[in-house]
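Reader: I would like to learn how to read a protein–DNA model. Where do we start?
Author: Let us open the model and begin with the DNA.

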There are 2 protein chains.
Amino acid sequence: MDNLFDGELFARKLSQFTRLGPTDRQALTMLSGDRVRRVRARDDLIRENERPTGVKLMLSGWASRYKIIEDGRRQIMAFLVPGDICDLNVFILRDMDHSVGALTTVTFADIARETIEFVMDEFPRVAQALLWDQLVAHSIQREWTINLGRRSAFERIAHLLCELFLRLRGVGLADGQSCGMPLTQADLADATGLSAVHVNRTLQELRSQNLIVLRGRELVVPDFEALQQVAGFNRNYLHLDREGRHLDANDV
Amino acid sequence: MDNLFDGELFARKLSQFTRLGPTDRQALTMLSGDRVRRVRARDDLIRENERPTGVKLMLSGWASRYKIIEDGRRQIMAFLVPGDICDLNVFILRDMDHSVGALTTVTFADIARETIEFVMDEFPRVAQALLWDQLVAHSIQREWTINLGRRSAFERIAHLLCELFLRLRGVGLADGQSCGMPLTQADLADATGLSAVHVNRTLQELRSQNLIVLRGRELVVPDFEALQQVAGFNRNYLHLDREGRHLDANDV
DNA sequence: CGGTCCCTTGACAGCCGTCAACTACCGTGG
DNA sequence: CCACGGTAGTTGACGGCTGTCAAGGGACCG
């Protein structure tokens, strides 16, 4: 992933919720500059039952939250893209109840507990935004529940692609109608509760209806409206529309 | 539901995480005494797209978070039992992205924003516990993702019953091997992503293997170990084991 | 150039959904 | 007292969406 992260990306994400002042932005830059590390695809950033020491912020690449159940079945519960936080829960929950694994080469900032605590204490608007981020993550998780429970394979994949496209656009990683898409069909299968074979067939169906172009790790959505339509996608659960306006108050 | 709630139940739930002092408990009693209201089964406590005014705390009865998608399919994303909070997100997110509906007659405390804010400011341990509660809810949501994505109907229902049993026990609503279970087969279907007919058949299978006794709104689990086994259930995601020990510090 | 990963395709099977009818239960009202 | 309607649970027949198995192809890489 060549998209090097400069702290600006994280600010961009959080300002989807609230307006950040210059000092807020400085604080975020502090966070994302902290101890940058790198892992290769297929390595884990965090393993189940471990107790993470700090908070990890994705800078580039893709990762997934996943669990493997006894007989080897894997379920991906979330995708993590640049700007996402892996484990803010470190302050409260003792052990991880799932793993986080790199799907591509990943770089991330490994932020010390104290740094996060300092920033959250000193910059209330940043603290609010981090909380918002956490709540949106939960909301996404609920939407995945619907996706898996009540949508067909065709709808499920269309829906997931809608979501990922908007999330990537939110951090400036979608360019017009296209975005990077390093997921393999096996990854998509494990996220949508399908088999890899069926994902393959479903993608072909989506392609044949000109809803997507998916080739060489790039996704093109020629008509987002149409894709949204067949997916039954409603973006309200992403809470993207500057909901923190009421906090802007004495800004500028 | 005859189980009248006295504020003690909520404290009981939160003390699964951290030890609460006498003043903490008083604060919780203040919360659950606030404006008690009641709704009948099938009525909504909160509707999608509304902006809730306060925070709702379940006192008795069962409710569900759900969404209905265009063609009428319903998905239940969570069950709410006494001690659960419906909408703590009210401080951050503007609109509800889903509805909360009563499955039985429900009584709840309708807590004013200011009251919650006051309690969270003055009683940091309570604030921690509320945050823990929120994170556990998210963790449960992830587990539901796995349930729907990678488990068979048989495992799914067994797993859900394991979870509900432990959650009810956590608030003192399970008695030895049994607990109340007012869910209809249609409710179970909408929570597990199955059809009501298939839920019926699956329950019969669970019964015939002596894993459960389900009759007259009561669930008996004669051998929890065995049920856990067939479900592939691991309770770690409920984070029940006094994880807040490290916060006990200067207590007693 | 052999190996690995990923994608693709076909045949077949099975889990689970749909449809429809029937039973049981319960509270209401005539 | 019994008819009645509504909700919940049960059962059977049938079909389809999706999984499994297996084989092959293409791209990339050491």
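**Reading the DNA contacts**

Author: A residue is near a strand if one of its heavy atoms lies within 4 Å of it. In this structure 17 residues surround DNA strand C. The closest are A:Arg42, A:Gln185, A:Asn200, A:Arg201 and A:Gln204. This is a predicted model, in which local features need pLDDT of at least 70 and side-chain atom pairs count only at pLDDT 80 or more, while totals for chains, interfaces and linings use all residues. Residues are numbered from 1 along each chain as its sequence is written, chains are lettered from A and ligands numbered from 1 in the order in which they are written, and side-chain values use heavy atoms, with hydrogens and water left out.

Reader: Which part of DNA strand C lies within 4 Å of the protein, sugar or phosphate, or bases?
Author: Of the strand C atoms within 4 Å of the protein, 67% belong to sugar or phosphate. The rest belong to bases.

Reader: Which side chains have a polar atom by a phosphate oxygen of DNA strand C?
Author: Start with the rule. A polar contact is a pair of N or O atoms within 3.5 Å; within protein, one must be able to donate a hydrogen and the other to accept it, and residues adjacent in sequence count only if both atoms are side-chain atoms. Here, a polar side-chain atom of A:Asn200 lies 2.7 Å from a phosphate oxygen of strand C. For A:Gln204, a side-chain N or O atom is 2.7 Å from a phosphate oxygen. For A:Arg207, the distance is 3.5 Å.

Reader: Which elements supply the surface near DNA strand C?
Author: Elements come from DSSP runs, numbered from the N terminus: helices are H or I with at least four residues, strands are E with at least two. Helix H7 (196-208) of chain A and helix H7 (196-208) of chain B each supply at least two residues. The largest share, 5 residues, comes from H7(A).

Reader: How do the residues of that surface divide by class?
Author: Ala, Val, Leu, Ile, Met, Phe, Trp, Tyr, Cys and Pro count as nonpolar, Asp, Glu, Lys and Arg as charged, and the others, Gly among them, as polar. The surface near strand C has 4 nonpolar, 8 polar and 5 charged residues.

Reader: What surrounds DNA strand D?
Author: 17 residues surround strand D, and the closest are A:His198, B:Gln185, B:Asn200, B:Arg201 and B:Gln204. Of the strand D atoms within 4 Å of the protein, 68% belong to sugar or phosphate. H7(B) gives the most to this surface, with 5 residues.

Reader: Which side chains have an N or O atom by a strand D phosphate oxygen?
Author: A side-chain N or O atom of A:Ser195 is 2.9 Å from a phosphate oxygen. For B:Arg42, the distance is also given as 2.9 Å. A backbone case exists too: a polar backbone atom of A:Gly193 is 3.4 Å from a phosphate oxygen of strand D.

**Reading the protein interface**

Reader: How many residues does each chain bring to the contact?
Author: Contact means heavy atoms within 4.5 Å. Chain B gives 53 residues and chain A gives 53 residues.

Reader: How much area do chain B and chain A bury?
Author: Buried area is the accessible area (1.4 Å probe) that two parts lose on being put together, summed over both. Chain B and chain A bury about 4500 Å² between them, 54% of it on carbon and sulfur atoms. B:Ile92, B:Arg142 and B:Arg150 supply 19% of the area that chain B buries against chain A, more than any other three residues.

Reader: How many salt bridges cross the interface?
Author: A salt bridge is a side-chain nitrogen of Lys or Arg within 4 Å of a carboxyl oxygen of Asp or Glu. The rule finds 8 between chain B and chain A. One of them joins A:Lys67 and B:Glu143, with the closest N and O atoms 2.4 Å apart. On the side of chain B that touches chain A, the largest share, 18 residues, comes from H4(B).
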